[in-house]
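Student: I have just opened this one and have never looked at it before. Please take me through it slowly.
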Number of protein chains: 2
Amino acid sequence: MTVNALFVGSGRDWDTYAPALIAAFARLPRHVVLKADHAPDTVDYIVMAGSHIIEDFSPFIRCKALLRLWAGVEDIVHNETITFPICRMVGGGLDQGMVEWVVAHVMRHHIGMDRHILGQDGIWRDGFVPPLAEDRPITILGLGALGTACARALSALGFPVTGWSRTTKDISGIRCLSGPVGDALTQAQGVILLLPKTPDTEHILNAETLAKTAKGAFVLNPGRGPLIDDDALLAALDSGHIAHATLDTFCTEPLPDSHPYWAHPSVTVTPHIASATRPRPAADVIANNLQRGEEGRPFLHTVDRTAGY
Amino acid sequence: MTVNALFVGSGRDWDTYAPALIAAFARLPRHVVLKADHAPDTVDYIVMAGSHIIEDFSPFIRCKALLRLWAGVEDIVHNETITFPICRMVGGGLDQGMVEWVVAHVMRHHIGMDRHILGQDGIWRDGFVPPLAEDRPITILGLGALGTACARALSALGFPVTGWSRTTKDISGIRCLSGPVGDALTQAQGVILLLPKTPDTEHILNAETLAKTAKGAFVLNPGRGPLIDDDALLAALDSGHIAHATLDTFCTEPLPDSHPYWAHPSVTVTPHIASATRPRPAADVIANNLQRGEEGRPFLHTVDRTAGY
């Protein structure tokens with residue numbers, strides 16, 4: 001007996017995720033047929049990306065679970081026509097993807113790569129030698145799972161890493177601080193924001209705290225847009241105190257095309273991709289959960305409909 | 001009694017290295033005076049960069065040693081007016097600098113950073129998700145000190161790393177191969193050249209071996225220019241089989257401004273900087289050797305004038 005899995009998402013989502021899902025399903029004992037157009041009353045599982053939403057799920061009379069391809073469920077969790085479990089993505093490459101984005105952009109700023117990417121004009125400019133990582137102190141604000149993983153990866157590459165968190169952590173090889181955030185930023189040549197958005201963290205990077213960093217520091221924000229006072233950061237970029245900012249999260253997303261970050265020569269905007277779900281590991285998570293359903297075992301990562309996540 | 005150290009180099013070399021040298025000398029028991037214009041007969045040590053050469057060293061009648069700021073000595077080793085020891089740079093950040101250049105450029109290609117650096121046009125393009133490092137096999141040709149250090153750093157970041165060398169090595173976590181080089185390149189999505197230049201390694205990356213790599217692979221050459229058959233690489237770039245090459249070494253350096261690499265949209269030229277001496281660690285090596293001289297101990301890293309290095 002075959003199992004019918006309905007893929008819900010845009011054509012681009014299909015192109016991104018379907019090959020990995022088909023490969024992962026092929027390793028299961030049951031024959032799973034992934035299609036974007038199963039008749040609703042024949043669907044056993046819904047595999048859902050995010051850009052195409054069904055309003056009324058009541059025709060899915062035999063569906064056992066909705067398996068989400070990413071972590072957020074705010075667009076479906078309150079839909080009362082969904083009478084089966086909703087499972088969100090946990091794992092699926094989110095943590096490792098964040099480490100890779102952070103390491104990549106730290107290294108870009110660290111070795112001064114832009115001068116070569118943008119300077120292919122035939123002139124051999126060998127005068128600039130960056131410091132070694134051991135001479136480039138980095139401060140990470142936020143030592144949750146993502147901040148800790150990034151701190152460890154940067155420390156392994158030789159950077160002296162300071163981590164700041166609300167409650168003091170103890171991580172081998174990392175200088176862990178709590179208390180006034182300015183103390184953690186003193187002399188930082190790179191600042192990485194990986195805090196959650198709370199009333200206490202809003203505008204944690206502001207004119208006063210930016211002034212604590214070393215002149216010429218870079219800022220990475222793969223965390224949450226409101227962590228930064230945008231006007232203060234733009235002023236620090238204009239003055240040159242902050243040499244460059246690479247920002248992945250914003251107060252409004254997509255970032256409006258009129259926002260000054262887009263046009264600023266010392267800012268790189270990336271479109272909230274730092275911790276995107278990766279097809280292959282995400283497909284493994286989905287396939288594992290589908291197999292649990294077929295075996296009658298409880299699903300993993302089910303959403304608490306009352307709590308909303 | 002003060003010790004007079006003469007700095008020999010360009011004004012740019014002075015700006016790059018003098019602050020670190022002065023700081024390192026300040027930690028020595030003797031008072032060391034670094035200047036670019038000591039009278040020759042008052043000079044105790046010559047600290048030499050490379051871009052400004054003295055022809056006749058015979059006026060340096062009390063000089064105890066020439067301390068080179070970088071590894072190469074081919075421009076001075078045969079000068080018979082130098083009657084004191086020549087010490088070349090060993091350590092000084094060369095290995096770590098190479099690891100940082102390689103990791104930076106691998107990460108750049110891996111996460112597809114150029115599309116964001118070059119695409120700040122106000123359009124929110126969140127459709128591209130790179131694979132994780134674990135799905136991006138990298139092959140390093142050459143497992144000497146530099147190749148091994150790079151292999152370990154990339155493996156620690158999650159990349160499956162294959163290393164190839166003339167004689168088989170055994171490095172934990174690295175798939176080490178010898179024999180036909182094409183076998184090591186099969187399915188590689190990134191190729192890094194860190195071999196010495198020998199008759200056996202010349203044009204080791206050629207039409208045949210390039211064809212073994214995965215379509216869309218990137219090439220990094222921080223090793224030696226002649227390792228690559230330039231015409232074959234340009235053809236592979238034009239066909240799209242190789243997506244991008246970042247090249248730091250060339251058959252002729254500086255690379256002539258008319259060379260097709262400069263203008264090719266899929267090539268980044270960097271000016272032989274991947275393993276540049278870093279001022280702070282290099283200054284520590286110089287200061288340590290100067291102190292050995294003051295204590296009457298043998299100098300480290302002295303050049304064998306007959307062998308030429």
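Tutor: Let us start with A:R280, which counts as partly exposed at 32% relative accessibility; the scale calls a residue buried under 20% relative accessible area, exposed over 50% and partly exposed in between, with a 1.4 Å probe and protein chains only. Please keep in mind that this is a predicted model, in which local features need pLDDT of at least 70 and side-chain atom pairs count only at pLDDT 80 or more, while totals for chains, interfaces and linings use all residues, and side-chain values use heavy atoms, leaving out hydrogens and water. Residues are numbered from 1 along each chain as its sequence is written, and chains are lettered from A, and ligands numbered from 1, in the order in which they are written.

Student: OK, so what does the side chain of A:R280 meet in a salt bridge?
Tutor: The side chain of A:R280 meets that of A:D284, at 3.4 Å from N to O, where a salt bridge is a side-chain nitrogen of Lys or Arg within 4 Å of a carboxyl oxygen of Asp or Glu. A:D284 is likewise partly exposed, at 31% relative accessibility.

Student: And where do A:R280 and A:D284 lie?
Tutor: Both lie in helix α9 (residues 279-294) of chain A, 4 residues apart, which is about one turn of the helix. Helices here are DSSP runs of H or I with at least four residues, strands are runs of E with at least two, and both are numbered from the N terminus.

Student: Which residues are linked with A:R280 in a network of salt bridges?
Tutor: The network links A:R280 and A:D284 with A:R27, and also with B:E134 and B:D135 of chain B. In general, side chains of opposite charge can pair when their charged atoms come close.

Student: What about B:R280, what does its side chain meet?
Tutor: In chain B, the side chains of B:R280 and B:D284 form a salt bridge at 3.4 Å, N to O. B:R280 also has a partner across the interface, since its side chain meets that of A:D135 in a salt bridge at 2.5 Å, N to O.

Student: How many salt bridges are there between chain B and chain A?
Tutor: The count between chain B and chain A is 6 salt bridges, and the structure holds 25 over all chains.

Student: Changing scale a bit: how much area do the chains bury between them?
Tutor: Chain B and chain A bury about 4600 Å² between them, with 68% of it on carbon and sulfur atoms; buried area is the accessible area (1.4 Å probe) that two parts lose on being put together, summed over both. The contact, meaning heavy atoms within 4.5 Å, takes 57 residues from chain B and 57 residues from chain A.

Student: Which parts of chain B supply at least two residues each?
Tutor: On the side of chain B that touches chain A, these are α1 (11-26), α2 (94-111), α3 (114-117), β12 (267-269) and α9 (279-294). The largest share of that side, 11 residues, comes from α2(B).

Student: Which residue in α2 of chain B should I click on?
Tutor: One of them is B:V103, which lies in helix α2 of chain B and is buried, with a relative accessible area of 1%. Not counting residues up to four places away in sequence, B:V103 touches A:V103, A:M107 and A:L157 in chain A, as well as B:A153, B:L154 and B:L157 in chain B.

Student: Is α2 of chain A largely enclosed or open, then?
Tutor: 16 of the 18 residues of α2(A) are buried, so this helix is largely enclosed by the rest of the structure. Just after α2(A), A:G112 takes a positive phi of about 70°.

Student: Which residue other than glycine has a positive phi?
Tutor: B:Q187 is one of them, with a positive phi of about 70°; it lies in the loop between α5 (181-185) and β9 (190-193) of chain B and is exposed, with a relative accessible area of 60%. Most residues other than glycine have a negative phi, and most peptide bonds are trans.

Student: Where is a cis peptide bond found in chain A?
Tutor: A cis peptide bond joins A:E253 and A:P254, with omega about -5°, and A:P254 is found in the loop between β11 (242-247) and α8 (260-263) of chain A. In chain B, a cis peptide bond joins B:E253 and B:P254, with omega about -10°.
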